[in-house]
Amino acid sequence: MKNLAFASAAILAAAALPAHAAGISDDVVKIGILNDQSGVYADFGGTWSYEAALMAVEDFGGTVLGKPVEVITADHQNKPDVAANIARQWYDEENVDTIMELTTSSVALAVQGISKEKKKINMVTGAATTELTGAQCSPYGFHWAYDTHALAVGTGGALVEQGGDSWYFLTADYAFGYSLEEQTSKFLKSSGGTVLGAVRHPLASTDYSSFLLQAQASGAKVIGLANAGLDTANSIKQASEFGIVAGGQRLAALLFTLAEVHGLGSEAAQGLTLTEGFYWNRDDESREFGKRYFERTGRMPNMVHAGTYSTVTHYLKSIEKAGTDETEAVADAIRSMPVDDVFGRGGTVAANGRMIHDMYLLEAKAPADVSEPWDYFKVLATIPGDQAYIKPSESGCPLVSQ
Amino acid sequence: MTMIFGIPLQAFLGQLLVGLINGSFYAMLSLGLAIIFGLLRVINFAHGAQYMMGAFAGFLLLSWLGINYWFALILGPVIVGLSGAVVERFALSRLYKLDHLYGLLFTFGLALVIEGGFRYFYGSSGQPYATPALLSGGVNLGFMYMPIYRGWVVVASLVVCIGTWLLIEKTKLGSYLRAATENPVLVQSFGINVPLLLTLTYALGAGLAALAGILAAPIYQVSPLMGSNLIIVVFAIVVVGGMGSIMGAIVTGYMLGILEGLTKVFYPEASNIVIFVIMAIVLLVRPAGLFGRDA
């Protein structure tokens with residue numbers, strides 16, 4: 001009898017095993033938001049992305065498959081080594097299930113490498129490089145919100161159509177600047193535009209007037225700012241001081257969002273063209289989301305914040321669909337479902353991890369046209385996702401059959 | 001068209017002027033540093049933070065109290081100067097007996113704390129500050145479009161630099177200051193309050209940084225990071241001019257501003273290191289700096 005009881009218990013236990021694996025490991029789903037919270041990108045993503053993640057969890061009900069969802073956050077200071085240490089600690093010691101946001105390309109690539117090695121899911125909203133879904137793609141790595149290609153197509157391609165066919169670049173003198181300039185130039189040329197020249201400025205210069213005078217003298221119709229953060233803000237502010245926009249030249253900021261336009265003020269930003277994956281005042285659904293976000297943070301979300309909301313929501317939905325938080329199953333669910341939320345709007349996740357969704361070409365309004373706080377943009381055009389993003393088969397990602 | 005060094009004369013003149021404008025900021029900031037180092041022997045790493053505080057003082061006075069640019073130009077340096085006086089009296093003055101390194105470390109830490117605090121409250125992307133109406137717009141000089149505000153910065157900076165130099169080199173107060181640093185015990189025995197003089201000096205240096213900050217507010221983003229971007233360059237200028245030499249700091253500030261401006265035309269990639277290259281050369285050839293006296 002004893003033997004029989006033991007055998008039954010063993011069978012029961014064995015039968016229970018898959019059921020156990022199909023639940024939530026260690027009884028909690030832990031999401032880590034890792035980004036720059038003290039440097040130049042602290043407004044671009046920062047703690048505001050953490051707030052967006054918290055909001056997504058609350059909207060989801062706070063639990064998934066009956067287990068609580070926890071969000072933790074840390075500052076990587078834009079340093080890949082710091083980020084790598086935090087990622088390893090989170091995965092190895094704190095049972096973090098996924099790391100998200102990951103502003104700054106070098107950091108995102110480092111953490112995606114670690115996640116792949118540890119077989120964990122990472123979802124990037126803050127970084128720009130197309131490498132994440134190209135040569136360095138991961139079966140568990142996903143890229144939301146935007147990339148350098150989408151910015152180039154959006155701002156570059158659309159402006160040429162509107163007659164801005166000769167360009168001069170102000171480029172930040174490092175890899176990110178070069179890659180933005182190169183990808184945008186490629187698009188300009190393929191859509192009939194010309195590049196009259198470029199000036200490379202050191203990262204974190206304070207005065208751009210010399211460079212702006214050179215751009216002004218080139219006679220180009222569009223001055224493309226292939227830089228980021230405070231560099232772009234100062235370039236724009238000083239361009240307005242030197243009468244560049246008033247003189248008929250157009251400024252195109254290749255990576256600039258609502259957060260930075262708010263910092264700059266619409267007086268200096270007016271007439272600026274840029275591309276984002278989200279604008280809060282575009283339709284009723286985005287307005288409703290924007291207002292709820294504003295109530296808790298006092299700011300309107302840009303594409304990184306709304307994108308982070310979307311990654312958290314889609315991740316939790318995918319766990320629900322897979323019935324487990326096991327990495328392979330969740331990654332399959334992420335790819336198999338359309339991204340249906342305020343940000344994704346029926347976007348799809350390709351085999352290389354790229355979330356393909358529409359982008360918006362935006363123009364900063366003149367101060368007189370700004371009717372309420374944070375109402376900085378008008379939408380010039382919608383760029384369909386399949387044009388904005390590299391075709392998965394051409395991305396160079398080994399996971400996609402070429 | 002007349003060409004000079006392979007670029008059109010007009011563009012060359014434009015860049016020269018832009019260099020002069022940047023030189024104005026360098027001169028004003030390095031002046032404050034030189035005074036503090038020359039008289040207190042403190043390497044004031046908080047100078048960039050004080051410059052940033054000046055810009056924020058202008059921004060906050062305007063957005064909270066509606067105080068305009070012109071009053072802020074006076075009030076801002078006073079507020080930052082007072083905060084400098086507090087720092088000197090309660091902290092820095094206790095470090096004079098120790099190695100210079102302690103003053104450097106203290107002010108460096110202070111700068112990090114101040115910048116962190118402002119970043120916590122105001123974020124990293126900065127705040128806008130509009131150009132005062134009287135100085136907005138620009139004039140066409142023929143070779144370039146010159147924003148009026150930038151012209152004002154050059155004039156204001158020249159006035160401040162020359163005024164400060166006169167104050168220290170030609171007035172009685174200035175002579176007390178200089179004497180107090182040469183031999184504080186002797187000066188004290190003449191009945192002059194030396195600790196008070198030193199507090200005033202630090203406040204003056206901090207106030208000068210704040211003034212530069214307010215002048216910069218309409219040109220650059222009012223950002224918590226604005227000072228840390230500039231401070232290292234300004235230190236290099238002080239070293240080139242000769243640590244503690246006030247005239248050296250002023251002249252070198254303008255000179256290197258212009259040189260940097262020209263580098264931005266001929267080889268833009270090098271524009272952020274040209275000042276440090278000059279610094280290295282000067283240190284090799286004249287370790288005391290261009291205007292410094294050999295110790």
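Visitor: What makes chain B score as it does in pLDDT?

Guide: This is a predicted model, in which local features need pLDDT of at least 70, side-chain atom pairs count only at pLDDT 80 or more, and totals for chains, interfaces and linings use all residues. Because pLDDT is the predictor's confidence in each residue, from 0 to 100, the chain B average of 87, with 96% of the residues at 70 or above, is a statement of that confidence. Residues are numbered from 1 along each chain as its sequence is written, and chains are lettered from A and ligands numbered from 1 in the order in which they are written.

Visitor: Which elements of chain B have the lowest and the highest mean pLDDT?

Guide: Strand S1 (residues 3-4) of chain B has the lowest, 62, and helix H3 (residues 69-90) of chain B the highest, 93. Helices (H or I, at least four residues) and strands (E, at least two) are DSSP runs, numbered from the N terminus.

Visitor: How do you know how many residues from chain B and chain A are in the contact?

Guide: Two residues are in contact if their C-beta atoms, placed from the backbone, lie within 7 Å; the contact thus takes 31 residues from chain B and 35 from chain A. Helix H1 (9-40) of chain B is among the elements that give two or more residues to that side of chain B, and H1(B) gives the most, with 5 residues.

Visitor: What ipTM and pTM does the predictor give the complex?

Guide: The complex receives an ipTM of 0.71 and a pTM of 0.78.
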